Amino acid sequence: MDDLREKYVSLIAAAADESTLEDLRVQAVGKKGEISLQMRSLGKMSAEERQLAGPKLNALKDEINSALAAKKTALGDAALDERLRGEWLDVTLPARQRAMGSIHPISQVTEEVTAILADLGFSVAEGPQIESDWYNFDALNIPGHHPARAEMDTFYTHRAEGDERPPHVLRTHTSPVQIRHMEAHGAPCRIICPGRVYRADYDQTHTPMFNQVEGLAIDKDTSMANLKWTLEEFFTAFFGTNVKTRFRASHFPFTEPSAEVDIQCQWKDGSVVVGEGDDWLEVLGSGMVHPKVLQAGGIDPAEWQGFAFGMGIDRMAMLKYGIPDLRAFFDSDLRWLRHYGFASLQQPNLATGL
Ligand code: 2NL
């Protein structure tokens, strides 16, 4: 019996895995195991022999069982330690950079412009980007021979072969939205029309698609003085500083009289600063709505009058944020725009994580 104990105690101690351990259990204390067989043989013994051997065998069986259980626990613990060593994770590592989107500077400036003019009582009107030539040109008193209508300057759509109707155009300004608004709602009115416009032009200061905001205010006695006050309020709010303006006589087919508006500025180290100095920078066109344009919008020019203005959003964004090249807006390298101080871009880039 001592031999059996020694044999199994050392085999159990040496077992390398759970299946070896299970084999040993079957071999020792299983139904046909060595110890079980010896227990069965107790029946053939004399009473004295049995009294001696019985408790010893029971004790041996208990000892083997607890050795098996202890070894099983030890093997399990060792396996867990091994796994924990292998699956070690450094939770102090910095997090992976997450891709983040941000608002485009043109959208940001459109919202800034819209918010300021909304405070001055203007509401936003929108309309189609593909227009009939009537809404884009005729209604605005732009005659058929005007250079703006030449194919050199305007994108025209194609008509089917044999279709003699005039082709549609990509709107060259947001004025057609204002004509549509006059037709639909009449006077009085006070609206702005922000949106994309298209001209066949591409160089350092022109892109074929750009963004514009036009404004229109019509009432019984709306005047050039109201225009001047409105624009001065606007510039001061937009640039966050008092901005002097200069109105120069000009000509547009859709306004009479017409004025180009300059704002006070100063050149500093090759870039322009608005609201100081004694240089002037042209930023928008404006005037009193031409009677023919009111008429085209279904409004009686004998009863109503008003002002209109138009400005390029891209240009306003460049001036406010000191961006020298219009093409920055179409460049996917956000580092470049961030350099010019767009707060909404002070975040990691989507694609590059920079
Ligand atoms: C410019 C010139 C301007 C307008 C736009 C306008 C619209 C209607 C009637 C009359 Cl419906 N005028 N818009 C007026 C004057 C100038 O834009 O150089 N913009 C960048």
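Buried means under 20% relative accessible area, exposed over 50%, and partly exposed in between (1.4 Å probe, protein chains only). The model shown here is predicted, with local features needing pLDDT of at least 70 and side-chain atom pairs counting only at pLDDT 80 or more, while totals for chains, interfaces and linings use all residues. Residues are numbered from 1 along each chain as its sequence is written, and side-chain values use heavy atoms, with hydrogens and water left out.

**View 1. Proline 253, in the loop between strand S6 (245–252) and strand S7 (255–268).** Helices (H or I, at least four residues) and strands (E, at least two) are DSSP runs, numbered from the N terminus. Is proline 253 buried or exposed? Its relative accessibility is 13%, so proline 253 counts as buried. Setting aside neighbours within four places in sequence, proline 253 is in contact (heavy atoms within 4.5 Å) with Leu140, Asn141, Ile142, His146 and His290. For a sense of scale, the C-alpha atoms of proline 253 and tyrosine 135 are 14 Å apart in space, with their positions 118 residues apart in sequence.

**View 2. Asparagine 141, one of the contacts of proline 253.** Asparagine 141 sits in the loop between H6 and strand S3 (169–170). Its backbone is worth a look: phi is positive, about 65°, although asparagine 141 is not a glycine. With a relative accessible area of 22%, asparagine 141 is partly exposed.

**View 3. The ligand and the residues around it.** Which residues come nearest to the ligand? Of the 17 around it (a residue is near if one of its heavy atoms lies within 4 Å), Gln178, Glu214, Gly285, Ala308 and Gly310 come nearest. Two pairs of atoms deserve a zoom, using a polar contact as a pair of N or O atoms within 3.5 Å; within protein, one must be able to donate a hydrogen and the other to accept it, and residues adjacent in sequence count only if both atoms are side-chain atoms. Glutamate 214 places a polar side-chain atom 2.9 Å from a nitrogen atom of the ligand. From glycine 310, a backbone N or O atom lies 3.1 Å from a nitrogen atom of the ligand. Taken alone, the ligand exposes 480 Å², and the protein buries 87% of that (areas by the Shrake-Rupley method with a 1.4 Å probe; for residues, only the protein chains shown count as cover).

**View 4. The elements that build the shell around the ligand.** Two or more residues each come from helix H7 (175–185), strand S5 (209–219), strand S9 (279–289) and strand S10 (305–312). S10 gives the most, with four residues. By type, the shell divides into nine nonpolar, seven polar and one charged residue. Here Ala, Val, Leu, Ile, Met, Phe, Trp, Tyr, Cys and Pro count as nonpolar, Asp, Glu, Lys and Arg as charged, and the others, Gly among them, as polar.

**View 5. Helix H7 and what covers it.** The buried residues of H7 are Ser175, Pro176, Val177, Gln178, Ile179, His181 and Met182. Their cover includes strand S2 (130–131), helix H6 (133–136), strand S4 (189–198), S5 and helix H9 (291–296). After H7 comes glycine 186, with a positive phi near 65°. Follow the chain into the loop between H7 and S4 to find proline 188, whose peptide bond from alanine 187 is cis, with omega near -5°.

**View 6. Two buried threonines, 222 and 230.** Threonine 222 is in the loop between S5 and helix H8 (224–239), and at 9% relative accessibility it counts as buried. The side chain of threonine 222 reaches the backbone nitrogen of aspartate 219 at 3.3 Å. Not counting residues up to four places away in sequence, threonine 222 touches Ala217, Met288, Gln305, Gly306 and Phe307. Threonine 230 belongs to helix H8 and is buried too, with a relative accessible area of 7%. By the same sequence rule, threonine 230 touches Leu120, Phe122 and Phe307.

**View 7. Helix H10, residues 313–321.** Seven of its nine residues are buried, so H10 is largely enclosed by the rest of the structure. Those buried residues are Ile313, Asp314, Met316, Ala317, Met318, Leu319 and Tyr321. Glycine 322 follows H10, and its phi is positive, near 65°.

**View 8. Confidence along the chain.** The mean pLDDT (the predictor's confidence in each residue, from 0 to 100) is 88, and 91% of the residues reach 70 or more. Over residues 345–354 pLDDT stays under 50, and the model has 29 contacts beyond four places in sequence for that stretch.
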